[in-house]
Amino acid sequence: MGYHGGVKGLIAALTALTVGATASVPHAPEFTPVTMQSVALPHALSNAFADVDGDDDLDLVVSFTSDALRLYRNDAGRFAEAGADSGLPETGPEVRGLSWGDFDGDGDPDLYAGVSGEPGDPSGNRLYRNDGNGAFTEVAQPLGVALVAADSRQASWVDYDNDGDLDLFSAQRASRNRLFRNDGGEFTDVSEAAGLDDPRRSVGACWFDMDEDGDLDLFLANQEADKDAFYRNDGGVFTDVARELGMHQPERTLAEGGVGCTVGDFDNDGRLDLFVATYGDLLLYRNLGGGKFREMAAEAGVRRHLHAVGASWGDADNDGWLDLFVTAYEGTRSRSLLFMNHAGRFVEVLDEGSALTAADHGVQWADFDRDGDLDLSLTETFIDGAGHRLFRNELPREAAARSLQVQVVDLAGHATRAGSEVRLYAADGSLLGSRPVPTGDGYGAQSAVPVHFGLAEAKPVTVEVTFLAHDGRRRKRLEAVDPREFAGKVLVVGAE
């Protein structure tokens, strides 16, 4: 039996749809639960996908309040726990951030685990180096990224200085944020010199080239009345411009604040927009170009006032428009929301009884079964018996195949280009949409997954990848790419 959401407030939603749009009113695809071959653990927190073992499918790691990490290896769409042999801990400090990134440039993803500690707690963050044989080795202390007594949330593997390797940023809930520059696989703390040693209570961090000048800028969602920050990157030195952009949220009470954030082009105009999950009013910033944004959550149909935690964009129905999943809670009750996108306007579609509402923290989209549609990983933390759930998207085969997935790689063929941008164009040159290579979203997570495009029609497209470099934004175009030739596969586009 599958689960799907019924459309809420249909009459009101119809009035909010774009004038002249001809597509039908969106509804939630059907999802079915996937059995995980493991001992079910309660109170899951963060979740993140990556191809850990190089077998061309996506594996899943999940953290819990019980101090464990669980790695589930994907074998043709069936998940089984990797077990203690993986080198990941079954006990230890609570982990609230999981981020995959190939920091040593050897072609496989490594895992950074951000610990939720207390003042005086000797526990530090962990960096698990992928040794390429199904096992991990913890190397945070010798590489200088342990952050003892940290209270960490979102970590991001990004190349902030455009030197070709992945640097590490760690958002801190109770101390100053940290930025580590990667120098040949070893790290130097450059937080103060770069201007990112911000003492505000940061939870969400989203990196993207907001002003289109060729380097990654940083939005920070901050808690407990702290104003949000938007750091413009000027050659590796950062300046907070949130106030001048009107994005700092100065009227917050102590009970309000930003939590998670996610980047995506919701209106298919080619510019990357920003959604912020908050304790308070949800925020949607439309990118106007030139480094300017306009808040339009109410206008777009996603304004809600609640305890929202995580959020992630994904085209759930392969219609070419990004939908939005938001995790939230009310007291000890989970309340997740799925907003389906109809030409830039949203309809909330989950009924209260839907199994998809059982999430209050982590959310990650990924096509784990390689059938062309996006599946869904959710975590639930506060409810007794809560854990993590995986759902398979059951779009009809024809609709699921109406998609294209793009893997962006560096000169060595490795997936280290988080923050690069991918755009699709129709045969007539019209823009179909843009997507970023993920730098982190959901709740304290960064998945290393291909960029996914749903398509209204399975026709040849032009693929354009924008790489960020010292000399600005470099573009590479591939003409006449037929999505039907990449069914069950990924188009790999490399830097030159």
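This report describes selected local features of a predicted model: one strand and its partners, several salt bridges, a buried threonine and the internal cavities.

## Strand 24 and its partners

Strand 24 covers residues 323-330, and seven of its eight residues are buried. On one side of the pairing list is strand 23 (residues 305-314), which runs antiparallel to strand 24 and is joined to it by seven bridges. Within this pairing, His 307 has Tyr 329 of strand 24 as its bridge partner.

Strand 24 also pairs with strand 26 (residues 337-342), again in the antiparallel sense, over three bridges. Here Leu 324 is matched with Phe 339 of strand 26. A further antiparallel pairing, of two bridges, connects strand 24 to strand 25 (residues 333-334). Its bridge partners include Glu 330 and Arg 333, the latter in strand 25. Strands 24 and 25 form a hairpin with two residues between them, and in this hairpin Gly 331 adopts a positive phi near 65°.

## Salt bridges

Over the whole structure, 38 salt bridges are found. One of them joins Asp 159 to Arg 417, with 3.2 Å between the closest N and O atoms. Asp 159 sits in the loop between strand 11 (152-158) and strand 12 (167-172), while Arg 417 sits in the loop between strand 31 (403-409) and strand 32 (421-425), so this pair ties together parts that are 258 residues apart in sequence. Asp 159 and Arg 417 are both buried.

A second salt bridge is made by the side chains of Asp 228 and Arg 252, at an N to O distance of 2.8 Å. This pair links distant parts of the chain, 24 residues apart: Asp 228 belongs to the loop between strand 16 (217-222) and strand 17 (229-234), and Arg 252 to the loop between helix 4 (242-245) and strand 19 (257-264). Both of these residues, Asp 228 and Arg 252, are buried. By contrast, the salt bridge between Glu 295 and Arg 303, at 2.7 Å from N to O, involves a Glu 295 that is partly exposed at 27% relative accessible area and an Arg 303 that is partly exposed at 28%. Elsewhere, Arg 173, Arg 201, Glu 224 and Asp 226 are joined into one network by salt bridges that share partners.

## Surroundings of Thr 439

Thr 439 lies in the loop between strand 33 (431-436) and strand 34 (445-446). Its relative accessibility is 5%, so Thr 439 counts as buried, the cut-off being under 20%.

A polar atom of the Thr 439 side chain is 3.0 Å from the backbone oxygen of Trp 207. Leaving aside residues up to four places away in sequence, Thr 439 touches Gln 154, Ser 156, Val 158, Cys 206, Trp 207, Ala 418, Gly 419 and Gln 446.

## Cavities

Six cavities of 30 Å³ or more are found in the whole structure. The largest cavity holds about 430 Å³ of space. It is lined by 28 residues, of which Trp 313, Pro 436, Pro 438, Asp 441 and Val 449 are the closest to its centre.

Several strands contribute to this lining. Strand 19, strand 23, strand 28 (363-366), strand 33 and strand 35 (451-454) each provide at least two of the residues that line the largest cavity. Strand 23 is also the antiparallel partner of strand 24, and strand 33 is one of the two strands that flank the loop of Thr 439.

Conventions. Residues are numbered from 1 along each chain as its sequence is written. This is a predicted model: local features need pLDDT of at least 70, side-chain atom pairs count only at pLDDT 80 or more; totals for chains, interfaces and linings use all residues. Side-chain values use heavy atoms; hydrogens and water are left out. Helices (H or I, at least four residues) and strands (E, at least two) are DSSP runs, numbered from the N terminus. Buried means under 20% relative accessible area, exposed over 50%, partly exposed in between (1.4 Å probe, protein chains only). A polar contact is a pair of N or O atoms within 3.5 Å; within protein, one must be able to donate a hydrogen and the other to accept it, and residues adjacent in sequence count only if both atoms are side-chain atoms. Contact means heavy atoms within 4.5 Å. Two strands pair if DSSP finds at least two bridges between them. A salt bridge is a side-chain nitrogen of Lys or Arg within 4 Å of a carboxyl oxygen of Asp or Glu. On a 1 Å grid over the protein atoms alone, a cavity is a set of points where a 1.4 Å probe fits but cannot get out, and a pocket is an open set with protein on both sides within 12 Å along at least five of seven lines; lining residues have an atom within 4 Å of a point. Grid points are joined across faces, edges and corners, and a volume is the space filled by probe spheres set on the points.
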